[in-house]
Each structure stands twice: as C-alpha cells, then as structure tokens.
Amino acid sequence: MEDHVILGIDVGGTGIKGGLVDVSTGTMRSERLRFDTPAPATPEAMAGTVQMLVDHFQYQGVVGVGFPAIVRRGVASSASNIDDSWIGANIGEVFGQRTGLRFYALNDADAAGIATMKFGAGRQYAEDATVLMVTIGTGLGGALFLNGDLLPNLEIGQIYLRNQKVIAEQYISNKIRKDSGMSFKAFGKRFNKFLSHVDFVLNPDVIILGGGASKYFPEFKRHLKVNAILEQATLLNDAGTIGAAYHAARCARLEGVG
Ligand code: BGC
C-alpha cells in the first residue's frame, strides 16, 4: 500500500467506522465501513471490531483512531458513551495488542477538527481566526483552534445549560433526535440553547458543525442564533476518519515509524 494511504478509524458511541485515507489530499481512498459499537463497549469487545476493520482492508501500517473520550498521551481519561473500564486504558495498546499494528489515538472531535481545518470548511480560517468545531453525534464533541492550532480535549458536551439537570449532550444530540423521532424544528431549537450558550462563552469567530447531524444542517440552521460565522462541515461524517489518519501519519513521521 502507498505510504500516504493510512487506515483511519472513527470510534463512536453507536458506530465504529473506518476507511483508507489519502493523507496528502485528505480524501477517502476506499468506502467507509461501519460496524455497530459493541454493547457493552469494553476494550476487549471494541478491539474485536477494530480487528474486523483491519482484516476487511487487509491493512498493514500505522493506524489513526479518533476516540470518544478525553485522550491524554494515548490514554483515555473519561468514558461518557463507552464502558467505564476504558478509563486509564492506553487506546493504542489495547488495539495494537489485538491487531499487531501501531495505533495513534486522539479525541474524536479533535480528529474531525484537524481534518476540517486542513482539508475542509476550516481551511479558509486556518491563518487568522478562532474556530470552534462542534460534532453532533451520539455525544457532543468540540475542538477549538486558534490560527489553526488545536486546544485539545475540549469537552463541551459536558456543560450544564440553564434550568437543566443533565449535561448538554444528554439534553440534545443526534442520538436523542433519532431515538425520540424529534422534528428538525424541535432539534434546532434545543440545539440552539446549547450552541448559543457556547457561542456566548467562547466567542469564536467561526463555528463549524460536523458529525452525523451536520448533513441535515439546511433543515435546522434557521433556528440557530449565534454571533459567530456558522458553517457546515464539508467533509461531513468522514472528517473523523480523515483526521485520525492524518494524525497517525504526522505522529509516525515525528517518531520515524515507517
Ligand atoms: C465525549 C467526548 C467526545 C464526544 C463526541 C462525548 O461524550 O465526552 O470526548 O468527543 O462525546 O463523541
């Protein structure tokens, strides 16, 4: 396989998606394959799913993985939508022991943000702006960039909104929309409570919406009232996969891993 084609995996609370990514252009070089996230989403069960992705693509080489948790130096330190036994686990070691490959892990929203800033809707704002990427999936993820540099592990789905007893991602997410059969109007209004608050607190120049719900942006954007410039992620749901692969390529280069 060409060395600029890297397997990217986007681990979510509902699905685990992967595909081959050309990291020089930020484009998919294969279809994106998706498996359901096992329940419970333990390290062992998820390593089995990752192995199926590696086998499907008959992949050899370094792998990038976006993971739905705080990821510090490859170690998960939260577990909102996955099994608690992940806390303290080294993600790359868990997947590496099963597959025999070298994995580089980062937070999933950070992965989506990196791809968006490098290859997607964020490119035009990479030089001179604060950009907030928000991913709307099973949970709510965030990635904040100043002039293209990432502030990692922004856990914006964990904040409390006024008059709410649950954290923001338990109040509104793409999963909540789907599970409850919510209209886009109702979704947009709820999501706006979250987004307008985040906009008011962080005051980014630009907010880019990604994740599973972002493909419906035209359906709910009229309900979103923020001061920031609002954009739809052009890479849509592939951003996490592309960003994970790009991250792995960069880390491997820095470490001199071939
Ligand atoms: C997690 C974040 C993650 C987000 C999106 C949240 O539940 O706490 O780390 O980025 O979901 O998957």
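Which domains does the domain assignment of the protein give? Colour domain 1 (5–110 + 238–255) and domain 2 (124–234) separately; these bounds come from an automatic or database domain assignment.

Before you go on, note that this is a predicted model, where local features need pLDDT of at least 70, side-chain atom pairs count only at pLDDT 80 or more, and totals for chains, interfaces and linings use all residues. Residues are numbered from 1 along each chain as its sequence is written, and side-chain values use heavy atoms, with hydrogens and water left out.

Now place a centroid on the C-alpha atoms of each domain: the centres of domain 1 and domain 2 are 23 Å apart. Next, select where they meet: 11 residues of domain 1 are in contact with 13 residues of domain 2 (contact means heavy atoms within 4.5 Å).

Move to the ligand and select the residues near it (one heavy atom within 4 Å). Of these 13 residues, N81, N107, D108, E155 and E169 come nearest. Both domains take part, with at least three residues of the shell from each of domain 1 and domain 2. Colour the shell by type and you get four nonpolar, six polar and three charged residues (Ala, Val, Leu, Ile, Met, Phe, Trp, Tyr, Cys and Pro count as nonpolar, Asp, Glu, Lys and Arg as charged, and the others, Gly among them, as polar).

Zoom in on the oxygen atoms of the ligand. A polar side-chain atom of D108 is 2.5 Å from a ligand oxygen atom, and one of N81 is 3.1 Å from a ligand oxygen atom. At A69, look at the backbone instead: an N or O atom there lies 3.3 Å from an oxygen atom of the ligand.

How values were computed. Polar contact = N/O pair within 3.5 Å; in protein donor to acceptor, adjacent residues only side chain to side chain.
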